Amino acid sequence: MNNLELFADAPRRTEMIGAQACVLRGFALDHVDAVLAALDGILQAAPFRHLVTPGGFTMQVALTNCGSLGWTSDRRGYRYTAQDPQSGQPWPAMPHAFLQLARAAAAAAGFEGFAPDACLVNRYAPGARLSLHQDRDERDYGAPIVSVSLGMPATFLFGGLARTDRTAKVPLQHGDVVVWGGEDRLRFHGVSPVKDAPHPLLGSQRINLTFRKAG
Ligand code: MD3
Ligand code: FE
């Protein structure tokens, strides 16, 4: 009997980090094999890349997308596009394994019927960080956001509605899923520099999947 089977029936811990924000500890663990296999296919068509912000800085986090819309940035601004600007092709389709995980996590957090049309895939190498920001390029702030952490652990910074509000530190491990909705949807957030602690499955990287309803 392997670990997965031993823990299959254990209650998964849910931690509230806001009125409508929660961490589902280990929720993605039994989806990881299917998700990583699907990710390989996405990366063949749309490899990770480092984008430039409108301010001219190159992002430390590398990213790609799948789904009918993908988030991108260049000197002209941030936006969602139907095509990958690097290939001119539509973004890879959202794999079934991704959708299934995102819908199940949203439902477990009380958001039934989540229908994401965009999945942003972020890759952190050791030392990479994501500075404090809001996600406000989506059309409908009524839909939740589901975030899946894989690989090396990280400290998520969870702020308030103003950039200067104090931030709470939330440690995130491989397999943790965070769901944000309602009043917590527009909170400032970021990720502290990721420490190099190689993960057995993913090595020296942290991968985060962020599911959104963008269009
Ligand atoms: C909290 N990514 O891609 S998880 C991002 O771990 C992003 O890669 C982080 O922030 C990461 O934009 C954090 C996702 C997340 C997304 C939206 C949020 C956290 C959020 C909206 C409100 C509060
Ligand atoms: Fe964000």
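## Burial of S73

A residue counts as buried when its relative accessible area is under 20%, as exposed when this area is over 50%, and as partly exposed in between. In this predicted model, S73 has a relative accessible area of 4% and is therefore buried. The residue belongs to strand β4, which spans residues 70-74.

S73 and P198 are 125 residues apart along the chain, and 29 Å separates their C-alpha atoms.

## The four-stranded sheet

Strands β7, β12, β9 and β10 form an open sheet in the order β7-β12-β9-β10, and their pairing is antiparallel. At the edges are β7, covering residues 130-133, and β10, covering residues 168-172; each of these strands pairs on one side only. On average, and with direction ignored, neighbouring strands of the sheet are turned by 20° against each other.

The pairing of β7 with β12 (residues 189-191) is antiparallel and runs over two bridges. Within this pairing, L130 has V191 of β12 as its bridge partner.

## The iron site

Which protein atoms serve as donors to the iron ion (ligand 2)? They are NE2 of H133, OD of D135 and NE2 of H189, at 2.1 to 2.2 Å from the ion. Along the chain, the donors follow the spacing H-x1-D-x53-H.

The site can be placed relative to the sheet by residue number. H133 falls within the range of edge strand β7, 130-133, and H189 falls within the range of β12, residues 189-191.

Are H133 and D135 buried or exposed? H133 has a relative accessibility of 22% and so counts as partly exposed. D135, with a relative accessibility of 7%, counts as buried because this value is under the 20% limit.

## Surroundings of ligand 1

Ligand 1 is surrounded by 20 residues, and the closest are N122, Y124, R185, H189 and R206. H189 in this group is also a donor of the iron ion (ligand 2).

Several side chains place polar atoms by oxygen atoms of ligand 1. For Y124, the distance from a polar side-chain atom to an oxygen atom of the ligand is 2.6 Å. For R206, an N or O atom of the side chain lies 2.9 Å from an oxygen atom of ligand 1. The corresponding distance for the side chain of D135 is 3.2 Å. The protein covers 97% of the accessible area of ligand 1, which is 510 Å² for the ligand on its own.

D135 thus appears at both sites: its OD is a donor to the iron ion (ligand 2), and an N or O atom of its side chain is 3.2 Å from an oxygen atom of ligand 1.

Methods. Residues numbered from 1 in each chain as written. Chains lettered and ligands numbered in written order. Predicted model: local features only at pLDDT ≥ 70, side-chain atom pairs only at ≥ 80, totals over all residues. Heavy atoms only, no water. Pairing = 2+ DSSP bridges. Axes fitted to C-alpha atoms, helices over the stretch in contact; angles between N-to-C directions. Donors = N, O, S within 2.8 Å, 3.2 Å for Na, K, Ca; no water. Buried < 20%, exposed > 50% of the residue type's maximum accessible area, 1.4 Å probe, protein only. Near = heavy atom within 4 Å. Polar contact = N/O pair within 3.5 Å; in protein donor to acceptor, adjacent residues only side chain to side chain. Areas by Shrake-Rupley, 256 points an atom, 1.4 Å probe, with all protein chains shown as cover.
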